[in-house]
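This report is meant to be read beside the sequence and the 3D view, and it deals with charged side-chain contacts, one strand and a surface patch.

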Amino acid sequence: MIIKYGFSSLKSIKANILHVYKEEKEKLHGYLNQLSCHFHLKFELCDMESILIVLYFIDDNWVLKQKIIDFAYERCERESSDVLKGLLVDLNVDKNICSTVTGICENNLDLYFINLWIGERAVLPFNGHLLPIDWLVNKLKRNVQNGPNWMAGLLSEIKKLFNYVRETLSNENNFRVAVNKAKSMGKRVTSQGLPKKSIFDELELLESALGFKEAFCELEQIDPDFKLINLTDELWYKANVAYECANELKDVADNFWRSKYTTANVYFPKVCDIYMKLLQWEGSDNYYVCEIASSIREKYFDKYWSKCNLVLVIAVILDPRFKTDIVVGWYMELYGRDANTRLKKIMIEVTNVYNEYAKVPRMLDTLGRPSPSSNSELDLYLNEAKIPAVEEFDILAWWRTNSPKYPALARMARDFLAIPISTPCFTSNTCHLGSELSNISNCDGLDVDLKKALVCTKSWL
């Protein structure tokens, strides 16, 4: 029917589609209510206008699962939060949400009220709004745009150079002569052609300008008017520094994108590595490098770290290859003399979260003061020898095997390892289902109810 009549033919069977959606939703309700785990709610951009709302959890067989529960438009009305609340109540998961995860602006999704509502209903030891790693990755990849103010001015000056060359046919001919002259003199010209006028990639713009630097210098000799707008030596130096820093941060970001979706335990050292790089740049003798690093750290990294540090620490401690040793090592590297104070603080927070899972009463010493338990599951786990730190390691299989030994800690591991702080699952370029869902989302002529039914049912089936 679709091939013969187009997507409009779906309207004639809308009732059937909605009926199947309702049936599969009831099956999902039954499945979720049989589980003994908690859930995480993640909002993933499907395209520029719509979002997927996904439940992440580890099932009773210790398998990481993702279930799309809703499809909505980002630019939605206030009552959209009520629709989501009703859906969570219908699925009977509203009191078992551990966290909400999204890098989308809270105002766009009315997330403040959703988080407040979830926080009021939750009876869990940890509940909060977290940022996914792709939020940080996007900020790193767009670091030229998100850097210090002088970088925006530099990009504006570079655009003027290319606009001048394109302005007239005479200017273009002069530029070709300048390129050939520079090459004939043995000067380095690495760019192959003018960047597209509509280019949005600032890093590509920087690279193209630096590749034509020698040609622009020769153009000054051919066209005196160009000399008035060509970059000064200082601006060319700034451009080179900006490009080198931006390119290195882009490589870091690309490494995150290339990684497969995985459990939350793997991200602590990766994020710490970024933190260390920024701190090292801030200590550089190069003033411009310091400014770039400080700007990225203060605007974006500090926000991510403050929201996600505890989750990252708990998840990596629950990795039996590392436990607290990896946290101690990185804190010493990052914080120096303040490391012990910060370690003590973070371990108190970790212990408080564990105590909520274990419901361990605070014991009193002989003077009536609260004293930490010396034989909790957490203590036993941390005092037991670490397992070999092999790269290929199935952490969920390890916890499935060891959950009888550490039942309370296993419940904690099941919640924290499932937190979807990783790069998107359904909306990644490597996900075949993701491209199909995007096709449904972008299909003209279908109303929102039908798109929602198609997206959700497609993913469930």
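## Salt bridges, a covered strand and a surface patch

In this predicted model, Glu282, Arg297, Glu298 and Asp302 are joined to one another in a network of salt bridges. A search of the whole structure finds 22 salt bridges, and three pairs, including one between Asp60 and Arg414, are set out below.

| Acidic residue | Basic residue | Closest N and O atoms |
|---|---|---|
| Asp60 | Arg414 | 2.4 Å |
| Glu248 | Lys277 | 2.8 Å |
| Glu356 | Lys359 | 3.4 Å |

Because Asp60 lies in the loop between S2 and strand S3 (64-73), while Arg414 belongs to helix H20 (residues 407-416), their salt bridge ties together parts that are 354 residues apart in sequence. Asp60 is partly exposed at 39% relative accessible area, whereas Arg414 is buried at 11%. In the pair formed by Glu248 and Lys277, the former sits in helix H13 (residues 233-258) and the latter in helix H14 (residues 267-282), so that parts 29 residues apart in sequence are tied together. Glu356 is partly exposed at 39% relative accessibility, and its partner Lys359 is exposed at 61%.

Strand S2 (residues 50-58) is mostly covered, with nine of its nine residues buried. Side chains in a regular strand alternate between the two faces of the sheet. Both faces of S2 are covered, with Leu52 and Val54 among the buried residues on one side and Ile51 and Ile53 among those on the other. Strand S1 (residues 39-45) pairs with S2 in the antiparallel sense over six bridges, and Phe43 stands opposite Ile53.

On the surface, Tyr112, Phe113 and Leu116 form a nonpolar patch with about 300 Å² of accessible area together. Leu116, placed in helix H5 (residues 111-121), is partly exposed at 43% relative accessible area.

Terms used
Residues numbered from 1 in each chain as written. Predicted model: local features only at pLDDT ≥ 70, side-chain atom pairs only at ≥ 80, totals over all residues. Heavy atoms only, no water. Patch = residues over 30% accessible without salt bridge, like charges linked within 9 Å, V, L, I, M, F, W, Y side chains within 5 Å. Areas by Shrake-Rupley, 256 points an atom, 1.4 Å probe, with all protein chains shown as cover. Salt bridge = Lys/Arg side-chain N within 4 Å of Asp/Glu carboxyl O. Helix = DSSP H or I, 4+ residues; strand = E, 2+ residues; numbered from the N terminus. Buried < 20%, exposed > 50% of the residue type's maximum accessible area, 1.4 Å probe, protein only. Pairing = 2+ DSSP bridges.
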